[in-house]
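Here are some short exercises to try with a structure on your screen. Have a go at each task before you read its solution.

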Amino acid sequence: MTFFVRGTYPHNLSSTAMAMSSSFCPRLPVQFGTKPIFHIPTKPSFSLSFKALSVQASYGSSGKEELRVGFLGLGIMGAPMAQNLIKSGCDVTVWNRTKSKCEPLINLGAKYQSSPQEVAASCDVTFAMLADPNSALDVAFGENGAANGMAPGKGYVDVSTVDDTTSKLISARIKDTGASFLEAPVSGSKKPAEDGQLIFLTAGDKSLYETVAPFLDIMGKSRFYLGDVGNGAAMKLVVNMIMGSMMAAFSEGLLLSEKVGLDPNVVVEVVSQGAINAPMYKMKGPSMIKSQYPTAFPLKHQQKDLRLALSLAESVSQSTPIAAAANELYKVAKSHGLSDQDFSAVIEALKAKLQQ
Ligand SMILES: NC(=O)C1=CN([C@@H]2O[C@H](COP(=O)(O)OP(=O)(O)OC[C@H]3O[C@@H](n4cnc5c(N)ncnc54)[C@H](OP(=O)(O)O)[C@@H]3O)[C@@H](O)[C@H]2O)C=CC1
Ligand SMILES: O=CC(=O)O
């Protein structure tokens, strides 16, 4: 298995920095499949402004034709990802099933096409950020799907969280057209998407990976190249299987602490200072204690990821009893109408009134 990681940038993509980065969108050769012409500086050690300037230094004066970038799916994640590309000066064309979600991006300068096929036909690389395997397949294969607009020299980058089987199906269909395919699911939620701090877990055509790397660097803080299609999907499912179980265990801890007379806010503080600290606890804990779940990562997507991870585990006979138990809790939460709340609403599934 091939493995590659670029160093992370210790910065936040503030609006000032975004403004600084405008017109720094990478200019790239239009044709794929050749040796990478440009080199991304590795492990820059300071600040976003350095990131923006690096991109300018590498691409700004190349004189090559700018790649036209398509973006399909403008939900919680897709909208800020596309926005960061637009604000960096990229030539972006958007499509979303619910057209009204395109308006804010069109106002920022994006072009619009009325189907995935038209986006793919009018762009050199097309990113897709869809809800789940069915929607990813629909948008790639359906009537007026992206595959109908693909051709040799183009690239399709699916950044949705799906299972490896779905990803391989999409890859095969796209590659049948002569185009290239990269799966690139992301780790990181709404805020990292807004801040250009996502972690890309990519696999597939290496030449496409190299071609789109500058775009990944606008939207993210690091990227991994993991080899064959399916490895990116599997990595994402493993990570989210761990995250879903952690959130379920954290929920149990908060409720138990309250029942025995402890202040759950102090539990959050103690956890945050110790070896089991994870940013998620301090970020979500205070609102969970107030029974508030402002949506960053919808609970229905976390349950989807657990379901897909369990199926992946079953395919290789790996026992995953903790994830299986967590999945049951998310299913209970869904059945109580919490699908569109943040995944931290899983705590509600443990409250006595929901279990009756
Ligand atoms: N939110 C998060 O924190 C993270 C999410 N992810 C993953 O990223 C993906 C997107 O997540 P997120 O943005 O939160 O999800 P949202 O539910 O906010 O957005 C889903 C997107 O998929 C579109 N869609 C759904 N069904 C269809 C369909 N049948 N045909 C066409 N388009 C469809 C929606 O269109 P419409 O607007 O019309 O409904 C929308 O653009 C998911 O796979 C998720 O697991 C990964 C990392 C973090
Ligand atoms: O998929 C969700 C995330 O936070 O990553």
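The exercises below look at a ligand and its surroundings in a predicted model.

In this predicted model, local features need pLDDT of at least 70, side-chain atom pairs count only at pLDDT 80 or more, and totals for chains, interfaces and linings use all residues. Residues are numbered from 1 along each chain as its sequence is written, chains are lettered from A and ligands numbered from 1 in the order in which they are written, and side-chain values use heavy atoms, with hydrogens and water left out.

**Exercise 1.** Find how many residues surround ligand 1, and sort them by class.

*Solution.* Start with the shell, where a residue counts if one of its heavy atoms lies within 4 Å. Ligand 1 has 27 residues around it, and the closest are N96, T98, K101, S189 and K304. Next, sort the shell: 12 residues are nonpolar, 9 polar and 6 charged.

**Exercise 2.** Find polar backbone atoms that approach ligand 1 (a polar contact is a pair of N or O atoms within 3.5 Å).

*Solution.* Take the oxygen atoms of the ligand: a backbone N or O atom of L130 is 3.0 Å from one, and a polar backbone atom of T161 is 3.1 Å from one. Then take nitrogen: a polar backbone atom of A296 lies 2.8 Å from a nitrogen atom of ligand 1.

**Exercise 3.** Explain why ligand 1 lies between domain 1 and domain 2.

*Solution.* Domain bounds come from an automatic or database domain assignment. Domain 1 (2–227) and domain 2 (235–355) both give residues to the shell, so ligand 1 lies between them.

Notes
A polar contact is a pair of N or O atoms within 3.5 Å; within protein, one must be able to donate a hydrogen and the other to accept it, and residues adjacent in sequence count only if both atoms are side-chain atoms. Ala, Val, Leu, Ile, Met, Phe, Trp, Tyr, Cys and Pro count as nonpolar, Asp, Glu, Lys and Arg as charged, and the others, Gly among them, as polar.
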